[in-house]
Amino acid sequence: MEWWKDAVIYQIYPRSFQDSNGDGIGDIPGIISRLDYLQELGVDAVWLSPVYQSPNADNGYDISDYREINPEYGTMEDMERLIAEAGKRGIRIIMDLVINHTSTSHYWFRRSRDKTSQYADYYYWRKGGADGTLPNNWTGFFGEECWEFDPERCEYYLHLFAKSQADLNYHNPAVLEEVKDILRFWLRKGVAGFRCDVINILWKDSLENGKKQLALTGSEHYLSLEGTHEILRELREVLDEYGAFAVGETVFVSPEQARALCGRERKELDMVFSFEHMECDQFLLKWFKKRFRPKVFFQCLAKWQKELEWNAIYLENHDQPRSIPRFGSETRWKESGKLLAALALTLKGTPFLYQGQEIGMLNFDFSRMRQLNDVESKNVERVLRKFHIPQKLRWKIIARTSRDNARTPFQWTGEEGAGFTKGRPWLGINHNCASINLAQQESDPDSIWNWYRDLLKLRRDSEVLRRGDFALLEAGEQVFVYQRILGEKRLSVALNFSGEQAEVSCRGKVIRSNYGRESFDGKLDAWEAVILE
């Protein structure tokens, strides 16, 4: 049963969702206390960012034990209760599966330092050159070299991310068997599936030098290779034992490569998170932004709608800045927030909403580096400093791109602590929580939150929106118009990504308008979304 085709999935960043014990850190009991809220919103499944045991160098994406819960988040009993309580409300739980790398605190890594251990080649260990050079010229995802010397083993280990995240060596078959056992461990507990972190880079075909480029030198040796497909097919066999679901985070993939990862006949992933639409406002690298051009964004979305049988639809997650300042307008916050909601919930595919998106949360209002927690931001700032980029420009770059923009605590109320915690929050709460918070929006029928809730119900009740085909009608400089078609039924969606009035050719009975209009003459107001029958 492909339940995920009818679902809306909600991502929780546990550290920032709800603190239950006053230590300033979100936790599993806090999530349990908000399950009724998620049920009321109307979501069908929850994807949890990692809650495993971790030293938190990368906030849980550096796992030290896949079978234990980080004590900051609770216990295994709490996790089992979350799965059970969510199930009572018809909400499935999806775990975050991070298997490209582990923490260097993981016992596999600690034991791999002994060259006689059974774990000796669970990771990529290499000697450097006699002249002190690194094993190769590769560079990593966090803007730094990706080899770190270990004085105990007297060799370097590969880390494509932070130096405390050592890459696993899938040339050793025992590593894949370990991962299969981890999947079974969680599937037996009742999770519905996995979101698979950077899943298309598992297999490294060699450790030869790469072709030098501005970023990710060496990536031709690990991006979307056949070895990764073979790994995924083996993991699929385990997933199928339990009827489980898998969505993959896939970096630098084309539609053709995505089809190879999630085509039904491939028996690998069910769908993928692609990034092309999230790169429409960047120049070469994510840290260098350019003016957002809606038309490029529309064309990219339409291309993926056409090229893939099924898409994972998202505008926000824990690695991206918030969507309203990026694709909408902070001065027309409510209208553009509702417009983006209409986009996310009417395209073909499975919508993924990120916590706070449903109330229009914005980027952080920090003013200096020391307020940030994100390891990527800190590494990039160091690289920029190394290249003598002035401090003001460095901060401008980081402030626009930092992953912490999406990681500030959920704004439940406008009170001190934002209803998130009674203690000191692990990351600063945006001061705009006084005006942007759930408590205020729940009682406002015209709020972004109530608009999301209404669209979720509309999608749940509309087979055309859930399962219909996509047909592009217009992708102009500011206007995006498309249809969803199922048999004889058609719904048209018209979106105006500008502060000026725009005209479109489609007409029909108004099903929804973020301006509350009852008829439509073809003229869209600023930041207006209409759904027509």
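Which residues does R466 touch, not counting residues up to four places away in sequence? In this predicted model, R466 touches K5, D6, W310, R459, R460, D461 and R484.

**Around R466**

Let's stay with this arginine for a moment. R466 has its place in helix α15, which covers residues 463-467. One of the residues R466 touches is R460, and here a polar contact can be named: the side chain of R466 reaches the backbone oxygen of R460 at 2.7 Å. Is R466 buried or exposed? Its relative accessibility is 16%, and buried means under 20%, so R466 counts as buried.

**The chain as a whole**

Stepping back, the chain holds 15 helices and 24 strands. Its radius of gyration is 23 Å, close to the 24 Å that the globule rule gives for 533 residues, so the chain is as compact as a globular protein of that length. The C-alpha trace spans about 75 × 55 × 50 Å along its principal axes.

Here are some shares that help describe the chain:

| Share | Value |
|---|---|
| Residues of the chain that count as buried | 62% of 533 residues |
| Contacts joining residues at least 24 apart, among those between residues at least 6 apart in sequence | 68% |
| Exposed area supplied by carbon and sulfur atoms | 47% of about 21,100 Å² |

Finally, a look at charge: the chain carries 72 positive and 80 negative charges, and the mean positions of these two sets are 3 Å apart.

How values were computed:
Residues are numbered from 1 along each chain as its sequence is written. This is a predicted model: local features need pLDDT of at least 70, side-chain atom pairs count only at pLDDT 80 or more; totals for chains, interfaces and linings use all residues. Side-chain values use heavy atoms; hydrogens and water are left out. Helices (H or I, at least four residues) and strands (E, at least two) are DSSP runs, numbered from the N terminus. The radius of gyration is taken over C-alpha atoms; the globule rule is 2.2 Å times the number of residues to the power 0.38. Buried means under 20% relative accessible area, exposed over 50%, partly exposed in between (1.4 Å probe, protein chains only). Contact means heavy atoms within 4.5 Å. Accessible areas come from the Shrake-Rupley method with a 1.4 Å probe; for residues, only the protein chains shown count as cover. Lys and Arg count as positive and Asp and Glu as negative; His and the chain ends are not counted. The place of a charge is taken as NZ of Lys, CZ of Arg, CG of Asp or CD of Glu. A polar contact is a pair of N or O atoms within 3.5 Å; within protein, one must be able to donate a hydrogen and the other to accept it, and residues adjacent in sequence count only if both atoms are side-chain atoms.
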